[in-house]
Amino acid sequence: MKLRRILTPVLLAACLLPAAPLLAQAPGEGSASRSRAPVSINFVNADIDAVSRAFAAMIGRQIAVDPRVKGSITVYSEQPISVREAYLTFLSSLRGLGFAMVDNGGLLKIVPEADAKIQTGTVSVGEVGPRGDQVITQIFTLQHQSPNNLVAVLRPLITANNTINANPGSNALIITDYADNLRRIAQIVAALDRPADTDIDLIPLRYAVASDLATLVQRLVGSGPVPGAPGAAVAQAGGVTVVAEPRANALIVRAPNLARLAQVRAVVAQLDVPAAGAGPAGGIWVVHLKNADAVRLATVLRAAFASTGGSSSSGASAAPLTGSTTSTPANTGAAGASSQATSPVSSAAAPSTGGFIQADPATNSLIISAPEPLYRQVRSMIEQLDARRAQVYIESMIVEVSGDNAADFGFQWQGLLGKSGDNNLIGVGTNFTGRAGGNIINLNTGAAAGEVNLGEGFNIGLVRSFGGTYALAAIARMLQSQASTNIVSTPNLITLDNEEAKIVVGENVPFITGQFTNTGTATTSPFQTIERKDVGITLRIRPQIGESGTVRMTIYQEQSSVKDTAAVGTSNAGPSTTKRSIESQVVVDDGQIIVLGGLIEDRFIENKSKVPLLGDLPYIGALFRSESREKRRTNLMVFLRPVVMRDQESANRLSLDRYEQLRQQQKDQQPVPHPLLPVQDAPVLPPMLPPGKAAPAASGVN
């Protein structure tokens with residue numbers, strides 16, 4: 001029986017061999033379709049390998065069978081059919097058994113269906129050829145739709161073992177599947193890949209203002225938020241988009257169909273009517289600003305329309321960006337609060353009056369009294385000026401690296417010449433004030449009081465009895481010291497375009513400006529007047545964003561510190577401060593780093609004290625001199641990096657990055673668990689939640 005299953009297809013193939021030369025080299029629409037010789041097939045439960053060899057002889061091409069393809073197959077026809085129809089019937093039977101035919105480099109292969117998408121070598125672009133149940137790869141190039149949108153629609157139509165991918169770069173779909181299914185998908189893609197059936201119309205307005213009416217029309221024909229930027233597209237709602245064109249005072253409307261467009265035109269016609277109560281002299285309008293300052297904008301508009309009427313009142317001018325510190329009122333007593341802590345952030349602006357445009361700072365609104373044509377011109381200018389201003393995030397880094405190297409060597413001695421009982425004695429010795437300690441006479445004075453301090457460094461002293469009192473007769477001192485300082489300060493701030501920002505990191509130090517004490521017999525309370533000043537790092541910047549992406553910055557940077565009053569000997573006059581400042585104007589590209597310069601100091605100091613002539617003698621001259629050398633090098637550099645943030649998304653991205661950075665540092669600095677201490681963790685910032693959700697209170701490690 002087994003031998004019969006094998007010989008039957010082989011003998012049938014031998015009978016069909018005369019028709020083989022008429023077949024094409026491919027099982028498509030080539031010579032195979034042109035072959036008119038009908039065949040009869042009758043393979044019942046025949047071995048797949050044997051049936052494949054039979055069909056290879058029929059079509060005149062080699063068919064390889066994957067070793068994993070095993071089993072029997074049934075392919076038969078009741079009536080004689082063409083070779084092409086017989087071959088398609090064979091492919092359909094293979095698909096029912098979970099196998100597929102692929103064309104790889106001209107060689108036909110029967111493989112499991114799961115591997116067909118990997119081994120197929122047929123890639124087609126354009127129309128799908130009639131290849132039946134053969135697995136091929138088809139590329140569909142879209143003209144109007146996005147490939148990502150069609151993937152979700154077509155994926156359920158693809159065979160489970162095959163794939164569909166989107167390439168947004170070339171706006172194409174890559175699908176590997178059976179050719180019959182790809183022809184069906186090609187029809188779906190052709191039906192979906194069409195331009196949106198929308199109509200765009202320009203609706204001019206006669207009485208209303210385009211920017212005001214665009215907001216209202218959008219809310220009436222649909223739903224959704226409305227942006228504040230003039231000329232920007234209003235959020236699409238219900239398939240209708242309304243855009244205000246302030247220059248032509250018109251509305252640009254895009255609707256999905258003519259019916260929706262007619263509805264929008266009807267709404268606009270009902271709203272575009274003359275304002276009630278407006279006489280020949282004009283009316284009064286209130287314009288609520290979205291971004292600009294009402295007082296400043298009123299001044300600009302009055303100056304622009306000065307020929308029309310109204311006097312221009314000067315607005316508040318910004319204080320110059322300089323390093324001078326404004327004097328603050330003196331505080332009585334030593335514990336007065338600083339003016340920076342008690343004064344308001346900004347003084348309340350008074351209403352700007354005069355002319356036909358007035359400003360109300362309380363509501364940040366403009367009150368315009370003018371005829372309607374003039375009001376339209378003013379309103380058009382307001383829409384162009386009342387735009388969202390960009391912000392600038394400025395990263396600064398102040399780096400100070402300094403190093404000190406000092407060496408000190410000295411020898412001092414004291415002695416008496418004479419005998420006990422002589423009327424006259426001669427005192428001989430050397431006395432130098434060393435860098436690291438006092439001289440020998442001062443040391444002996446302290447020794448008489450029971451205090452002996454030879455100073456810093458390595459000291460060797462000779463103690464001798466003078467009349468029963470021990471004192472230092474000689475002392476040698478050697479000292480070398482090295483000190484290095486590495487300070488990095490990173491004050492960062494955010495400010496609006498062309499607005500000054502200031503950050504101060506340091507101390508508020510009191511300085512005595514006057515005092516009074518009671519010197520007579522009258523009862524008078526003594527007092528002191530104190531002025532407090534900021535000591536530390538001060539950074540003041542006013543950035544201005546250019547159209548080309550550059551940032552022009554006016555900068556004042558100051559670094560000050562309080563000196564040790566005991567060292568400088570000015571404790572009665574109050575503290576002394578050191579100050580290093582930079583004032584400059586620079587231009588830098590967005591996101592780039594610029595160095596402002598700073599202080600580079602290299603100082604060498606050598607001090608030498610000696611006895612004349614004796615101190616110059618070789619070798620023994622060291623007993624008559626004291627030397628010290630000091631070398632100091634200081635490097636101070638200031639780096640700035642401005643980053644322009646033109647929308648809320650960029651500001652949120654930057655803020656979230658800094659928030660997560662600080663939160664990670666808190667996690668990394670958690671205390672080591674201790675078995676005896678109950679407190680095991682330090683507070684950690686809560687994770688940042690999406691807008692609209694309240695964040696939980698700060699707690700332990702999350």
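**A four-stranded sheet and its helices**

In this predicted model, four strands form an open sheet in the order E6-E7-E9-E8, and their pairing is mixed. At the edges stand strand E6 (123-125) and strand E8 (163-167); each has a single partner strand, so one side of each is left without a neighbour in the sheet. On average, neighbouring strands of this sheet are turned by 20° against each other, direction ignored.

Within the sheet, strand E7 (residues 135-141) and strand E9 (residues 172-178) run antiparallel and are joined by seven bridges. A handy place to look for this pairing is Phe 140, whose bridge partner in E9 is Leu 173.

Two helices accompany these strands. Helix H7 (residues 179-192) lies across E7 and E9, and runs at about 150° to E9. Helix H6 (residues 147-154) contributes the buried residues Pro 147, Leu 150, Val 151 and Leu 154. These residues cover an arc of only 115° around the axis, which means that they sit on the same side of H6. The spacing fits a familiar rule: an α-helix has 3.6 residues a turn, so residues three or four places apart point the same way. As for what this side of the helix meets, the buried residues of H6 pack against E8, E9 and H7. Strand E9 therefore takes part in several of these arrangements: it is joined to E7 by seven bridges, H7 lies across it, and the buried residues of H6 pack against it.

Elsewhere in the chain, Ile 284 offers another view of the model. Its place is in strand E13 (residues 283-288). Is Ile 284 buried or exposed? With a relative accessible area of 64%, Ile 284 is exposed, because anything over 50% counts as such. Ile 284 also has partners far along the chain: leaving aside neighbours within four places in sequence, Ile 284 is in contact with Ile 367, Ile 368 and Ser 369. For Ile 368, which is 84 residues away along the chain, the separation between its C-alpha atom and that of Ile 284 is 5.6 Å.

Turning to the protein as a whole, the secondary structure comes to 15 helices and 27 strands. Of the 702 residues, 34% are buried. Among contacts with a separation of 6 or more, 64% are between residues 24 or more positions apart. The protein exposes about 40200 Å², and carbon and sulfur atoms supply 55% of that area.

Technical notes. Residues numbered from 1 in each chain as written. Predicted model: local features only at pLDDT ≥ 70, side-chain atom pairs only at ≥ 80, totals over all residues. Heavy atoms only, no water. Buried < 20%, exposed > 50% of the residue type's maximum accessible area, 1.4 Å probe, protein only. Contact = heavy atoms within 4.5 Å. Areas by Shrake-Rupley, 256 points an atom, 1.4 Å probe, with all protein chains shown as cover. Pairing = 2+ DSSP bridges. Axes fitted to C-alpha atoms, helices over the stretch in contact; angles between N-to-C directions. Arc of directions from axis to C-beta.
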